[in-house]
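Reader: I would like to go through this model with you and ask, for each label you use, what value stands behind it.

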Amino acid sequence: MSTPPIPPEPLTPLHKVAVVGAGAVGAAIAYASMIRGIADELVLFDVNEAKAEAEVLDLRHGLQFVPSATIVGGGDPAVCAGADVIVFTAGAKQHPGQSRLDLAQSNAALCQSALPQLRALAPEAIVLLVTNPVDVVTMVAQDVLGDPGDRVFGSGTVLDTSRLRVLLANRLGVAVSSVHAAIVGEHGDTSFPLWSSASVGGVPIHQVPTAAGAVLAEGELGALVDEVRQAAYRIIAGKGATSLAIGLATARILEAVRNNERAVLPVSTRHDVEGVGPVCLSLPAVVGRGGVERSLDVPMTDGEREALHRSAATIRSVWSSVG
Ligand SMILES: NC(=O)c1ccc[n+]([C@@H]2O[C@H](COP(=O)([O-])OP(=O)(O)OC[C@H]3O[C@@H](n4cnc5c(N)ncnc54)[C@H](O)[C@@H]3O)[C@@H](O)[C@H]2O)c1
């Protein structure tokens, strides 16, 4: 007897994705999304109208080489009307010597003032926060929009996870796509790896040999995590902003939404962390057309639980301080 086919999911295509903030990150997200054919219409909105219009022109001039899309933008938020997804990148960025948490006060205030108008223009939109500190900003956005659920979430540690996988792949001599390892918690200095569930081809990470035949020592794994935590500081010191990889990471999240993939990605959503309370942070979550469907209850060692607690307490205390 043959297995009956699984009926296809009713898909609602992503007609319109609006990127708010046409700075280095917003432009990179638009560029990556355009190449991957994420939406029929891509919109860039920035209070700096000239910047938004210039980025739109620059992107449009590449339309010959990508899947067809309409690309519009400007300095009037009305361009975001009816969007299926709003990607929020507006606000202050880190300068050399600043941590992401140093941006909390100003970016939380910006979020509080900008989001109600955007919600009125696009009442059904999924809101994907990228502005830093992304976990705090996601909490503020959920509070402002009265939506602590699935449709308002942050890019979280999707980028940090990619950074770790690239480093591990290089060190172990395997393809990045064959490395299964996640950075979770805060997108920031208290982020941490889930080594206890990390693997390559089903082999636990502590047992995977490099091409030279030796397994990675605890210290080497720790050094890779330090490199992930320092990556943004290093890039900002060299070029003023991190942009290209977050562009690709965000386009990947949008793709999971567009295709209703139910892809497991470490995006930032609200969790009730024991001893801390509700807080937005990243744990593996199922992402599809409705946003975040659910989070997976990952088994953790005592050390990983402590690290999660530390991340949660840090985010929650900064969130409390921004009111
Ligand atoms: N989540 C992540 O993984 C990640 C990675 C990199 C950067 N970021 C964050 O993304 C944010 C943007 O970084 P960037 O390098 O693009 O900064 P940027 O300074 O280049 O761009 C920010 C843009 O926001 C615009 N803006 C300000 N207020 C606005 C408003 N009310 N409405 C619309 N636009 C407004 C500014 O005019 C500016 O063009 C920062 O907070 C940065 O820390 C997050």
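Reader: Which atom of V25 lies 2.8 Å from an oxygen atom of the ligand?

Author: A backbone N or O atom of V25 lies at that distance of 2.8 Å from a ligand oxygen atom, and a polar contact is a pair of N or O atoms within 3.5 Å (within protein, one must be able to donate a hydrogen and the other to accept it, and residues adjacent in sequence count only if both atoms are side-chain atoms), so the pair is called a polar contact. Please keep in mind that this is a predicted model, in which local features need pLDDT of at least 70 and side-chain atom pairs count only at pLDDT 80 or more, while totals for chains, interfaces and linings use all residues. Residues are numbered from 1 along each chain as its sequence is written, and side-chain values use heavy atoms, with hydrogens and water left out.

Reader: What lies 2.9 Å from a nitrogen atom of the ligand, and what lies 3.1 Å from an oxygen atom of the ligand?

Author: The 2.9 Å pair joins a backbone N or O atom of V130 to the ligand nitrogen, whereas the 3.1 Å pair involves a polar side-chain atom of H187 and a ligand oxygen. Taken alone the ligand exposes 870 Å², of which the protein buries 85%; these areas come from the Shrake-Rupley method with a 1.4 Å probe, and for residues only the protein chains shown count as cover.

Reader: Which residues come nearest to the ligand?

Author: There are 26 residues around the ligand, and V25, D46, A92, V130 and N132 come nearest; a residue is counted as near if one of its heavy atoms lies within 4 Å of the molecule.

Reader: Why is T242 called buried?

Author: T242 has a relative accessible area of 18%, and buried means under 20%, with exposed over 50% and partly exposed in between (1.4 Å probe, protein chains only), so T242 is buried. The place of T242 is in the loop between α6 (218-239) and α7 (244-258), where helices (H or I, at least four residues) and strands (E, at least two) are DSSP runs numbered from the N terminus. Leaving aside neighbours within four places in sequence, T242 is in contact with V25, R163, A232, I235 and I236, contact meaning heavy atoms within 4.5 Å.

Reader: What makes a set of residues a nonpolar core, and which members of the largest one touch the most others?

Author: A nonpolar core is a set of buried Ala, Val, Leu, Ile, Met, Phe, Trp, Tyr and Cys residues joined through side-chain atoms within 4.5 Å. The largest such core has 46 residues, of which V20, F88, L115, L129 and L281 touch the most other members. Elements that give two or more residues to this core include β1 (16-20), α3 (104-121), β5 (126-129) and α4 (134-145), and the largest share, seven residues, comes from α4. A second, separate core of 36 residues includes V17, M34, A39 and A249.

Reader: How do you know that C280 is in no bond with C111?

Author: The sulfur of C280 is 11 Å from the closest cysteine sulfur, in C111, and a disulfide is a pair of cysteine sulfur atoms within 2.5 Å, so this distance is too far for a bond. The structure holds zero disulfides, and for C80 the nearest cysteine sulfur, that of C111, is 14 Å away. C280 is buried, with a relative accessible area of 0%, and C80 is also buried, with a value of 0%.

Reader: Why does N260 count as buried, and why does R262 count as partly exposed?

Author: N260 has a relative accessibility of 11% and therefore counts as buried, whereas R262, at 38%, counts as partly exposed. N260 is found in the loop between α7 and β12 (263-265), and R262 lies in the loop between α7 and β12. N260 has a positive phi of about 45 degrees although it is not a glycine, and R262 has a positive phi of about 55 degrees although it is not a glycine.

Reader: Why does E49 count as partly exposed, and what is E49 in contact with?

Author: The relative accessibility of E49 is 43%, so E49 counts as partly exposed. E49 lies in helix α2 (residues 49-60) and, leaving aside neighbours within four places in sequence, is in contact with G74 and G75. E49 and G75 are 26 residues apart in sequence and 4.1 Å apart in space, C-alpha to C-alpha.
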